[in-house]
Amino acid sequence: MTPQFTPIEQVKEALRTQGWALLAPPDVAALSGTPLAQLDALAPSWDSLELDNYLKDGGRYRRRRHSCFVQRDAELAQTAHRAHWQSVEYNALHGGMHRMFEPVLPETVAAPGWQGLLTALGRLFTAVRGEPAWYVEAHQFRIDTADGIGRPTPEGAHRDGVDFVAVILVGRHGIKGGETRIFEAEGPNGKRFTMTEPWTMLLLDDATVIHESTPIQPLGEHGHRDTLVITYRAGGFQGGT
């Protein structure tokens, strides 16, 4: 289904009232204060992601890198490299595990598009929630179809145990599927759409909605889907500060 984008001037109100907003690529660039060309310059780093060896379904369809940051006001500082941890309450499949992934490459973190995007999101979420500091985890994902099918969210519909989540499409290549689905955490309503344009961004209030992406299949011999998922949590990282 075709996405219905949230006008940029309505994003804060949409997060407060419905718990999610979907931004078109030009508005993502405007929000981050960087031209789309600087965001596009990040995309080649997805070619150097490392295999995720923690998948309990035995799959080899996911590659990723992961790094953590703390943002106070407009100051974004990378932390010492740390494991990614979620409780089983939020991730029944992979919760309770300290998963140590390879870090995001230093040149990626230093890029203007990366810095502009992460700090802009922190400022936006502070405007919505009023928190002075955010504990940020950034995940680069590549889901491929080398084994015939790839699962962006093998844990199914879920929350992440944070305050806000940004899911950003970096690219789709030779695939079908990968539909995004959002459901009210405490209600019957939901939305479904497929993000197709690079730098389309979905923002989620993690307490209000649950989300998932459907599996992908190749259109030809091979294909993949690249995303950047960034989470913002007040008070500390999951599993300790």
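# Notebook: a walk through a predicted model

**Entry 1: T231.** I started with a single residue, and T231 lies in strand β13. I kept in mind that this is a predicted model. Is T231 buried or exposed? Its relative accessibility is 7%, so T231 counts as buried, the cut-off being under 20%. Next I looked up what T231 touches, skipping residues up to four places away in sequence. The list reads Y135, V136, E137, D160, V162, F164 and V165.

**Entry 2: the whole protein.** I stepped back to see the overall build. How many helices and strands does the protein have? I noted five helices and 13 strands. The radius of gyration is 17 Å, and the globule rule gives 18 Å for 241 residues; these are close, so the protein is as compact as a globular protein of that length. I also noted the span of the C-alpha trace along its principal axes, about 45 × 40 × 40 Å.

Then I checked how the chain packs. Of the 241 residues, 53% count as buried. Among contacts with a separation of 6 or more, 77% are between residues 24 or more positions apart.

**Entry 3: surface and charges.** The protein exposes about 10500 Å². Carbon and sulfur atoms supply 50% of that area. For the charges, I found 23 positive and 29 negative ones. How far apart are their mean positions? The answer is 3 Å.

**Entry 4: the largest nonpolar core.** I reminded myself of a background point: in soluble globular proteins, nonpolar side chains tend to be buried together. Here, the largest nonpolar core has 37 residues. Which of them touch the most other members? They are W114, L121, F125, M201, L203, I230 and Y232.

I then asked which elements build this core. The ones that each supply at least two residues are these:

- helices α1 (11-17), α2 (25-32) and α5 (112-129);
- strands β1 (20-23), β5 (133-144), β6 (164-173), β10 (201-205) and β13 (224-233).

Helix α5 gives the most to this core, with seven residues.

I followed W114 a little further. Leaving aside neighbours within four places in sequence, W114 is in contact with L42, F69, V104, T108, V109, A138, Q140 and L228. There is also a second, separate core of 14 residues, and F141, V165, L169 and L202 are among its members.

**Entry 5: L169.** L169 caught my eye as a member of that second core, and I found L169 in strand β6. With a relative accessible area of 0%, L169 is buried. Which residues does L169 touch, not counting those up to four places away in sequence? I listed M195, T196, E197, P198, W199, T200, R225, D226 and T227. I also checked L169 against A146, 23 residues away along the chain: their C-alpha atoms are separated by 20 Å.

**Entry 6: W199.** W199 was on the contact list of L169, and I looked there next. W199 is found in the loop between β9 (190-193) and β10. Its relative accessible area is 1%, so W199 is buried. Its backbone gave me something to write down. Most residues other than glycine have a negative phi. Phi of W199, however, is positive, near 75°.

**Entry 7: D73.** D73 also has a positive phi, of about 55°, although it is not a glycine. Where does D73 lie? I found D73 in the loop between β3 and β4 (75-78). Is D73 buried or exposed? The relative accessible area of D73 is 63%, and exposed means over 50%, so D73 is exposed.

**Entry 8: L51 and N53.** My last stop was around strand β2, where L51 has its place. The relative accessible area of L51 is 18%, which is under 20%, so L51 is buried. Leaving aside neighbours within four places in sequence, L51 is in contact with R60, R62 and R63. The C-alpha atoms of L51 and A166 are separated by 22 Å, and the two residues are 115 apart along the chain.

N53 sits in the loop between β2 (50-51) and β3 (62-72). At 62% relative accessibility, N53 counts as exposed. I paired N53 with D163, which is 110 residues apart from it in sequence. How far apart are N53 and D163 in space? From C-alpha to C-alpha, I noted 27 Å.

Conventions. Residues numbered from 1 in each chain as written. Predicted model: local features only at pLDDT ≥ 70, side-chain atom pairs only at ≥ 80, totals over all residues. Heavy atoms only, no water. Helix = DSSP H or I, 4+ residues; strand = E, 2+ residues; numbered from the N terminus. Rg over C-alpha atoms; globule rule 2.2 N^0.38 Å. Buried < 20%, exposed > 50% of the residue type's maximum accessible area, 1.4 Å probe, protein only. Contact = heavy atoms within 4.5 Å. Areas by Shrake-Rupley, 256 points an atom, 1.4 Å probe, with all protein chains shown as cover. Lys, Arg positive; Asp, Glu negative; His and termini not counted. Charge placed at Lys NZ, Arg CZ, Asp CG, Glu CD. Core = buried A, V, L, I, M, F, W, Y, C linked by side-chain atoms within 4.5 Å.
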